[in-house]
Amino acid sequence: MRYINKEYGFAFRPPYYDKFYEEKNSGLPITGENFPGRFCLGVGYDYEALNGAMLVGRNGSMWGVRAEYFDGNKWLLSGDFSHRLGASTANTADGSFAHFTSGPLSVKWARNNESSLVFKVSAHRRLRVRVVFYPVQGISGELSIEGAKVLGRSPHLGIIPGTLNLTDHSAVFEGRYLVICDSEPRREYFFAYGYSKPSAGYNGPGGEAVMEFVISKRQPAVHFYAVVGDEALVSEDPPRRDKMQKQIETAELRYGVNKTFGTGVLGEPCERMLNSILWSRVYYPYLMAVLYAPARTKLSKHFDIRGLEENCSAILGSMAGLDIAAGQLYYTLEDKIMSLLAVWLVYARSTDKSGILTLFETLSSLYPPDENLVVSEDPDKNEVAYKWDDSPLKEANRSPMYSLDMSCLKLLALDILERICRNSGLEQAGAYALARKKLAAHINEKLWDERRDIYANRYVMGQWGASVGATGFYPLICGAVEESGRLYKLLNTLTDPKRFWTLFPVPTLSADDPQFGKKGKPNNNGQRKPPFLDYRGSVVPYVNFLIYQGLVRYGLDELAGVLAEKSAKLWAENASDNVENYSLYRPAGARFKNPEFISSGFNMLAMIGVCELIDLEYFRPDFNTGTIRFGTFVEGSHSLTNIKLLGRSYSIDVSDDATVLLIDGAEAFRGEGGRFVVRNFLETETGFTFLIDAHALITLKLTSILPKQPVRYFLIAPAGKSAVTAERGTVAVEKIKDNR
């Protein structure tokens, strides 16, 4: 066996360098746990081939197939497609169908079974295309081509994953090895078959097998079959062409019926957002897992992980499918910004929450029930405005400073861990509850600035930080704001157009700050980064997602709607059909088109719009889960179709006159007469309970879905806030006094 070092360390540590190579003939014993143990197939899973598919065998062999075309000057390769995706490019969460388009090229893929797939390559004009079969990542694999047949074989590829530790700046892998089991007599095989004779077939320079075709009226499409497995499997006859064509058509039809999409300012970004995140899925060979790679065009052969962006991707991915999103969390728990929120939001969407307990031991060790504020004692103020390099919030004063953002995120972690304990019956619930209450009191006592009516960073000695930013609203998401008068003042600050309530989502720095929009400090080489991009007024998607969820937590539905509308509009104005979008925006709403700032994980501005129409209730005071909220006060017509929550499919249509909710395709809720928002909506076998906040008198029609014999309820909800119970054939509407 050959043990090849695949660590990816830090600067001045040899594996950090691309040219580093270390191989030895002995190492840890290889067992079944060192192989995937199952087939893994997916379109776009090879990070270097957005225009292709990847087939991974049970024993680790990795094979790719990609489609390319000649544009009249050159062959367009994989890297050319990341910014040339067509509007009809689509993918599914379960991997059953994908449609890749770029220019005149169209490729439709369908999964045939657990180990094989079929696909069709076509074009809307005469076009030279080639289909390339190859061993992925330079892994040793032999390919031969004869006519329209490709045969490959590879040794078993074992993985020793080692350990992964996230630091403030990068990930450090130790003890990670690729093991080539070339001494094993058994091998894995790859077989591909083209149903049309190629105009040319040959072996490429990288061990590839290539078939060339000319798409024309005479030959409008070419079809293929590809499979990975043992020698007996790949020697079987491929499926008949007509059966394969029918399978692709059926998969495409099923996708069209079940796809998630929307309309209106809030709903329209949904389909492109989900496609973006689905096309970011990449197979990480050294983890033997598929992850959402936030920046696939920048991903290196080291398969590095940063944490923050992967957690944002997990939250986004949970809207498409829970398996990958939940699996991704195991590698990102040390991220100090979004890890706990990602865990809570991902598992809240699932009916099976048992997996959250497998993460609890690690989470509780990272966040023990400690009541103390986070203090930044280093001169660079690392914990203040954490990961906001060169932010004006990081002041040059060397004195220790309380960190507002990290203290609030710590409080959010304690809050979520208490919820996990209470919902799972863990005895630590009391300790987390006590620590949460005391930390919230410290935040209110030490970090509320009466002069500026906002929470702010403060030196331990007592003086306030000179600048305030979007972190001043983090106490909303963690539930720290306990006094209604203080909440009122904080909201006045948030909605001040001269400070934070601009035409765009909330900026990282108050607009009246002298550093707003200024260039950052020069680095050691005297160079300055572009203005706004070092958190001097930039708009950051995940920051606005935190603030939006905070507004929702406090029942501030109208303000949440305004922020959702701003976020969805900004995303739509800057989005393209590319896989990746920009993680930072200028204060005036424009993107800065620099590859450093693109990431699929920051589609969260679009997600805010989707969550505004329908989402779960994540932070109920009674710690219960399983209820939803829907509706919006945002003007105009908006809709979403096939949103998956708690194992059910929801569709919602909102207009100025009516809001209609469908559950699993059947109408369950209709409200007419004006705009309203529904909170804590729960359907049981006996009926419905919910809260409603309406601008006018609303006529409601409810139809139970769960019982075998549906029961219909008709009632009137008055303007304002009301609690509604419709159970066992009776209805009760109770007016709620708004103490704000």
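This is a short walk through the cores, one long helix, the strands and a few buried residues of the structure above. Keep in mind that we're looking at a predicted model.

Okay, let's start with the inside. The largest nonpolar core has 185 residues. Which residues have the most contacts inside that core? Met338 and Tyr542 do. Those two also touch each other, since Tyr542 is on the contact list of methionine 338. Ignoring neighbours within four places in sequence, methionine 338 also contacts Leu308, Asn311, Cys312 and Ile315, and further along the chain Phe545, Leu546 and Met604. There's a second core too, separate from that one, with 39 residues, including Val107, Val121, Ala226 and Trp279.

So which helix gives the most to the largest core? That's H9, residues 404-424, which puts in 12 residues. Of the 21 residues of H9, 18 are buried, so the rest of the structure largely encloses this helix. From first C-alpha to last, H9 reaches 30 Å, close to the 30 Å you'd expect at 1.5 Å a residue. Right after H9 comes glycine 425, with a positive phi near 70 degrees.

Staying with helices for a moment, have a look at H7, where valine 343 sits. Is valine 343 buried or exposed? Buried, with a relative accessible area of 0%. Setting aside residues within four places in sequence, its contacts are Leu329, Leu333, Ile356, Leu359 and Leu363. Valine 343 and alanine 326 are 17 residues apart in sequence, yet their C-alphas are 7.7 Å apart in space.

Step off the end of H7 and you're in the loop that leads to helix H8 (355-366), and that's where arginine 349 is. This arginine is buried, with a relative accessible area of 3%. What is arginine 349 in contact with, leaving aside neighbours within four places in sequence? Ser318, Met319 and Leu322 are among them, and so are Met607, Asp615, Leu616 and Tyr618. The list for arginine 349 finishes with Lys644, Leu645, Leu646 and Gly647.

Glutamate 617 is another charged residue worth a stop. You'll find glutamate 617 in the loop between strand E32 (614-616) and strand E33 (628-631). Glutamate 617 is buried as well, at 7% relative accessible area. What does the side chain of glutamate 617 reach? One polar contact goes to the side chain of arginine 679, at 2.7 Å. The other goes to the backbone nitrogen of asparagine 680, at 2.8 Å. Beyond Arg679 and Asn680, glutamate 617 touches Thr627, Ile628 and Arg629, again not counting residues up to four places away in sequence.

Right, on to the strands. Eight of them make an open sheet, antiparallel in its pairing, and the order is E7-E8-E9-E10-E21-E18-E13-E12. Which strands stand at the edges? E7 (90-91) and E12 (142-146), and each has a single partner strand, so each is left with one side that has no neighbour in the sheet. At the E12 end, five bridges tie E12 to E13 (residues 149-154) in the antiparallel sense, and isoleucine 145 has valine 150 as its bridge partner in E13. Then there's helix H2, residues 241-258, which packs on this sheet. H2 touches E7, E8 (97-102), E9 (105-113), E10 (116-123) and E21 (221-229), and its direction makes about 100 degrees with that of E9.

Last item: strand E5, residues 62-70. Eight of its nine residues are buried, so E5 is largely enclosed by the rest of the structure. Let's go through the strands that pair with E5.

E4 (residues 52-56) joins E5 through five antiparallel bridges, and methionine 62 is the bridge partner of valine 56. E4 and E5 make a hairpin with five residues between the strands, where glycine 60 has a positive phi near 95 degrees.

E11 (residues 127-135) runs antiparallel to E5 as well, with seven bridges; alanine 67 pairs with valine 131 there.

And E6 (residues 75-76) pairs antiparallel with E5 over two bridges, with tryptophan 75 as the bridge partner of phenylalanine 70. E5 and E6 form a hairpin too, with four residues between them, and the turn holds glycine 72, with a positive phi of about 105 degrees.

That's my tour, thanks.

Conventions. Residues are numbered from 1 along each chain as its sequence is written. This is a predicted model: local features need pLDDT of at least 70, side-chain atom pairs count only at pLDDT 80 or more; totals for chains, interfaces and linings use all residues. Side-chain values use heavy atoms; hydrogens and water are left out. A nonpolar core is a set of buried Ala, Val, Leu, Ile, Met, Phe, Trp, Tyr and Cys residues joined through side-chain atoms within 4.5 Å. Buried means under 20% relative accessible area, exposed over 50%, partly exposed in between (1.4 Å probe, protein chains only). Contact means heavy atoms within 4.5 Å. The expected span of a helix is 1.5 Å times one less than its number of residues. Two strands pair if DSSP finds at least two bridges between them. Axes are lines fitted to C-alpha atoms, for helices over the stretch in contact, and angles run from 0 to 180 degrees between N-to-C directions. A polar contact is a pair of N or O atoms within 3.5 Å; within protein, one must be able to donate a hydrogen and the other to accept it, and residues adjacent in sequence count only if both atoms are side-chain atoms.
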